[in-house]
Amino acid sequence: MKAVLASGPGGPEVLSLGDAPDPAPAAGEVLLDVAATAVNRADLLQRSGNYPPPAGASQILGLECSGRIAALGEGVTGWQVGDEVCALLSGGGYAERVCVPAAQLMPVPAGLDLISAAALPEVACTVWSMVFDRAPAAALAAGESFLVHGGSSGIGTMAIQLAAAQDCRVFTTAGTAEKLAACRELGAELAVNYRDDDFVAAIREHTGGVGVDVVLDTVGAKYLQPNLDVLATGGRIAVIGLLGGSSATLNLAALLQKRATLHAAGLRARPAEQKAAIVAGTQAQVWPLIEAGRVRPVVHQVLALAQAADAHRIVQSSGHIGKLVLATG
């Protein structure tokens, strides 16, 4: 099969299309003929040598895909060869074929094509698990206020829509007028240009000094204290990225005073049973919103699998809104 291979750690130029062995499904897995995959920032980290895949996972990039089932491994039930699906992967999506645990499959939502569906699994599962599927005291509840940083990213565009669908007040940050407008179109009440404005001051003014109930943060260290400053009493911060660094000093007195919760977790390295539960919950809670037209994948551009290096350059420059998709056909 054809797959995007890396000649070694480095920039986008290390990626090229080459030949790789065809995978075979183990017990409990299915083999997919991949229609498309999507680019995530984690792929850029892995390409540069800073995010090795979990033990046993494919070394090929790609944390999600869509396609058709080509073969069933031993013991797999509930699926048939030819079913159109999308999947959450630990790796291997940048290829014509990939094996995935059956519990990490989801049907393509009604009304959506295979190419668009490739942009769903990673962002939908991440946002649902980190913002909505947590202990009742921590999860974002209907009618609460919500801030997501990087609102024009794949994560951001999904988070804005899901929070808006819960009738939450949605706030976000982005870096250009075009991206701010896109965030507002998706449901953000207030979109703040982080390059020019103080998002803490803007949001506190907009909320009458109250702040927000939940913050979803992809930045990390740089925003840790500002996130606490913008948080309402009893608020929660969920950290899922470290674009702004991994080490910071936090005012614990303010954390105590606000009775705040700080939570951080990734998705890729979680145990299989946790991923299965997240996938099932995402399908149950998010798929109906997609099929009703209330939430949609935001696809910036579709490129050929052979253009993976170009897609990485676009994501690396933040020159996109939503997701970059790589199609195999």
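# Working chat on a predicted model

Student: To begin, in which helix is Q46 found?

Tutor: Q46 belongs to helix α1, which covers residues 41-47. Please keep in mind that this is a predicted model.

Student: Is Q46 buried or exposed?

Tutor: Q46 is buried, because its relative accessible area is 11% and the buried class takes in values under 20%.

Student: And what is Q46 in contact with, leaving aside its neighbours within four places in sequence?

Tutor: With those neighbours left out, Q46 is in contact with Y51, P53, Q59, I60, L61 and R268.

Student: Let us turn to the whole chain. How many helices and strands does the protein chain have?

Tutor: The secondary structure of the protein chain amounts to eleven helices and 15 strands.

Student: How does the radius of gyration of the protein chain stand against that of a compact globule?

Tutor: The two agree: a compact globule of 329 residues would have a radius of gyration near 20 Å, and the protein chain has 19 Å. As for its extent, the C-alpha trace spans about 55 × 40 × 35 Å along the principal axes.

Student: What percentage of the residues count as buried?

Tutor: Of the 329 residues in the protein chain, 54% are counted as buried. The area that the chain exposes is about 13500 Å², and 52% of that area is supplied by carbon and sulfur atoms.

Student: Among contacts between residues at least 6 apart in sequence, what share joins residues at least 24 apart?

Tutor: That share is 67% for the protein chain.

Student: How far apart are the mean positions of the positive and negative charges?

Tutor: They are 5 Å apart, taken over 22 positive and 29 negative charges.

Student: Now for helix α3. How many residues does it have, and what does it reach from its first C-alpha to its last?

Tutor: Helix α3, residues 121-132, has twelve residues and reaches 16 Å, close to the 16 Å expected at 1.5 Å a residue.

Student: Why is α3 described as largely enclosed by the rest of the structure?

Tutor: The description holds because twelve of its twelve residues are buried. Among the buried residues of α3 are E122, W128, M130 and F132.

Student: Moving on to T172, where is its place, and what is its relative accessibility?

Tutor: T172 sits in strand β9. Its relative accessibility is 0%, so T172 counts as buried.

Student: What surrounds T172 by way of contact, its neighbours within four places in sequence left aside?

Tutor: T172 is in contact with residues that include L147, V148, G150, G151, I160 and C183. The list also holds A188, L190, A191 and V192. As for I203, which is 31 residues away along the chain, its C-alpha is separated from that of T172 by 9.2 Å.

Student: And T157, buried or exposed?

Tutor: T157 is buried, at a relative accessible area of 3%. T157 lies in helix α4, residues 154-165. Beyond its neighbours within four places in sequence, it is in contact with G151, S152, L186, V298 and G322.

Student: What is notable about the phi of D167?

Tutor: The phi of D167 is near 60 degrees, a positive value in a residue that is not glycine. Most residues other than glycine have a negative phi. D167 is in the loop between α4 and β9, and at 60% relative accessibility D167 counts as exposed.

Student: What about S318: what is its phi, and where is its place?

Tutor: S318 has a positive phi of about 55 degrees although it is not a glycine. Its place is the loop between α11 (308-316) and β15 (323-327). S318 is partly exposed, with a relative accessible area of 29%.

Student: Two more loop residues, please. Where is G8, and what does it contact?

Tutor: G8 is in the loop between β1 (2-6) and β2 (15-19). Leaving aside its neighbours within four places in sequence, G8 is in contact with V14 and R47. At 23% relative accessibility, G8 counts as partly exposed. G8 and S152, 144 residues apart in sequence, are 30 Å apart in space, C-alpha to C-alpha.

Student: Finally, is S246 buried or exposed?

Tutor: S246 counts as exposed, since its relative accessibility is 65% and the exposed class lies over 50%. S246 is placed in the loop between β12 (231-239) and α8 (252-257). From S246 to L5 the C-alpha distance is 29 Å, with their positions 241 residues apart in sequence.

Methods:
Residues are numbered from 1 along each chain as its sequence is written. This is a predicted model: local features need pLDDT of at least 70, side-chain atom pairs count only at pLDDT 80 or more; totals for chains, interfaces and linings use all residues. Side-chain values use heavy atoms; hydrogens and water are left out. Helices (H or I, at least four residues) and strands (E, at least two) are DSSP runs, numbered from the N terminus. The radius of gyration is taken over C-alpha atoms; the globule rule is 2.2 Å times the number of residues to the power 0.38. Buried means under 20% relative accessible area, exposed over 50%, partly exposed in between (1.4 Å probe, protein chains only). Contact means heavy atoms within 4.5 Å. Accessible areas come from the Shrake-Rupley method with a 1.4 Å probe; for residues, only the protein chains shown count as cover. Lys and Arg count as positive and Asp and Glu as negative; His and the chain ends are not counted. The place of a charge is taken as NZ of Lys, CZ of Arg, CG of Asp or CD of Glu. The expected span of a helix is 1.5 Å times one less than its number of residues.
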